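Open the file in your viewer and keep a selection panel at hand. The stops below go from a whole chain down to single residues.

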Amino acid sequence: MKLNLIHAVQKETEITVKGDTASEEVQRILAFLNADAGQGVILLEREDERFLFSPDEIVYVEVTGGKTNAVTTQGIYEVKEKLYQLAASLKRDGFIQINKSTLVNIHYVKSISAEFSGNYTAKLKDRRETLTISRTYFQSFKQFVRR
Amino acid sequence: MKTLTRIFCFGFVGSGIGAWVMSAICCLNRLNGSVQIDAMELLYWVAASFLMGAVTMILYTEKLHFLLLTVIHFVLCFAIVFGAVSLCGYADGALASVRAMMPEFLIIYAAVFLVVLTVSKLNEHAVNKALKDR
């Protein structure tokens, strides 16, 4: 890996990663940046194109049909990482697991309602769809919201 | 192996709760001069408590509706207690046992279900308040 450090007088530090963005090395760099900054970037894919997103733009991440999809404010994209990896790396950005296959960005949760089934339904800000918070994950969700 | 460990954990918690109930019954029997339970009866009730504890595992299943799980739990626990009552010879016949046990079971389960629903509503309120305050 070639590393270039360029001194520049500017307010915000700029990082450019040039190379195969799908490679393990780039993924590691992204994971490192995410872990270090808490508010990093995440690599998403759609129709063989790759995009860098801020976690702020992701509403929720869901596993459907064996694929991990990130539902963003700009559409649905595929994520290469597993749900448990995302749960760990995105925790500091406000993401919490609410059922076996879904992580939600707490900033997009408008309200919840208790269901007769024992589960809870989460309503999202400016979105029609609702998400299920299962009984198993509810206590950790509650603690996460109230901290 | 993990499931077996869980069954034993839940079972032993059930036995632990059952032990307190049995101790209370023994104390009451002693206080009012009733006949004390023998070792076999104690064994049946410890086993029944273990099974009821193990059965409680189903309440943690996410695939089924909580009301359905409560009904399944009710049926299984009723069958376990019915078995223990029959083995201990407390009632004259199966029908008499069912008649004696049913009201208590219905009251306990209705009360527990109401408590669970109330707690859910309180949780909903607390989380919505926290979300609003964020």
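Start by selecting chain A, where buried residues make up 28% of the 147 residues. The model is a predicted one. The C-alpha atoms of chain A fill a box of roughly 60 × 35 × 25 Å along the principal axes. Colour chain A by secondary structure: three helices and 10 strands appear. Followed along the sequence, they give the pattern α-β-β-β-β-β-α-β-β-β-β-β-α. Of the contacts in chain A with a separation of 6 or more, 35% are between residues 24 or more positions apart.

**Stop 1: a sheet in chain A**

Select strands 8, 9 and 10 of chain A, which form an open sheet of three strands in the order 8-9-10 with antiparallel pairing. Which strands of chain A stand at the edges? They are strand 8 and strand 10; each has a single partner strand, so one side of each has no neighbour in the sheet. Neighbouring strands here are turned by 30° against each other on average, direction ignored.

Now look at the pairing of strand 8 with strand 9 in chain A: the two run antiparallel and are joined by five bridges. Val109(A) has Leu124(A), in strand 9 of chain A, as its bridge partner. Add helix 4 (residues 94-133) of chain B, which packs on the sheet and touches strand 8 and strand 9 of chain A. The direction of this helix makes about 170° with that of strand 8 of chain A.

**Stop 2: where the chains meet**

Show the residues in contact between the chains: 15 residues come from chain A and 12 residues from chain B. On the side of chain A that touches chain B, strand 8 (109-114) and helix 3 (135-146) each supply at least two residues. By class, the residues on that side of chain A are six nonpolar, six polar and three charged.

**Stop 3: the nonpolar cores**

In soluble globular proteins, nonpolar side chains tend to be buried together. Select Ile98(A), Leu103(A), Val104(A), Ala122(A) and Ile133(A), the residues with the most contacts inside the largest nonpolar core, which has 29 residues. Strand 3 (residues 58-64) of chain A gives the most to this core, with four residues. Apart from this core lies another, of 10 residues, including Trp45(B), Leu51(B), Met52(B) and Val85(B).

Centre on Val104(A). Leaving out residues up to four places away in sequence, Val104(A) touches Tyr60(A), Phe95(A), Ile96(A), Ile98(A), Val109(A), Ala122(A) and Leu131(A).

**Stop 4: a serine in chain B**

Go to Ser15(B), in helix 1 (residues 2-32) of chain B. Is Ser15(B) buried or exposed? Ser15(B) has 20 other C-beta atoms within 10 Å, and 20 or more is the cut-off, so Ser15(B) counts as buried. Not counting residues up to four places away in sequence, Ser15(B) touches Val46(B), Ser49(B), Phe50(B) and Gly53(B). Draw the C-alpha to C-alpha distance from Ser15(B) to Phe50(B): it is 4.7 Å, with their positions 35 residues apart in sequence.

**Stop 5: two loops with positive phi**

Select Glu47(A), in the loop between strand 1 (42-46) and strand 2 (49-53) of chain A. Glu47(A) is not a glycine, yet has a positive phi of about 50°. With 6 C-beta neighbours inside 10 Å, Glu47(A) counts as exposed.

Finish at Asp126(A), in the loop between strand 9 (120-124) and strand 10 (130-133) of chain A. Asp126(A), also not a glycine, has a positive phi of about 55°. Asp126(A) counts as exposed, with 8 C-beta neighbours inside 10 Å.

Technical notes
Residues are numbered from 1 along each chain as its sequence is written. Chains are lettered from A and ligands numbered from 1 in the order in which they are written. This is a predicted model: local features need pLDDT of at least 70, side-chain atom pairs count only at pLDDT 80 or more; totals for chains, interfaces and linings use all residues. A residue is buried if 20 or more other C-beta atoms lie within 10 Å of its own, exposed if 12 or fewer, and partly exposed in between; C-beta atoms are placed from the backbone. A nonpolar core is a set of buried Ala, Val, Leu, Ile, Met, Phe, Trp, Tyr and Cys residues joined through C-beta atoms within 7 Å. Two residues are in contact if their C-beta atoms, placed from the backbone, lie within 7 Å. Ala, Val, Leu, Ile, Met, Phe, Trp, Tyr, Cys and Pro count as nonpolar, Asp, Glu, Lys and Arg as charged, and the others, Gly among them, as polar. Two strands pair if DSSP finds at least two bridges between them. Axes are lines fitted to C-alpha atoms, for helices over the stretch in contact, and angles run from 0 to 180 degrees between N-to-C directions.
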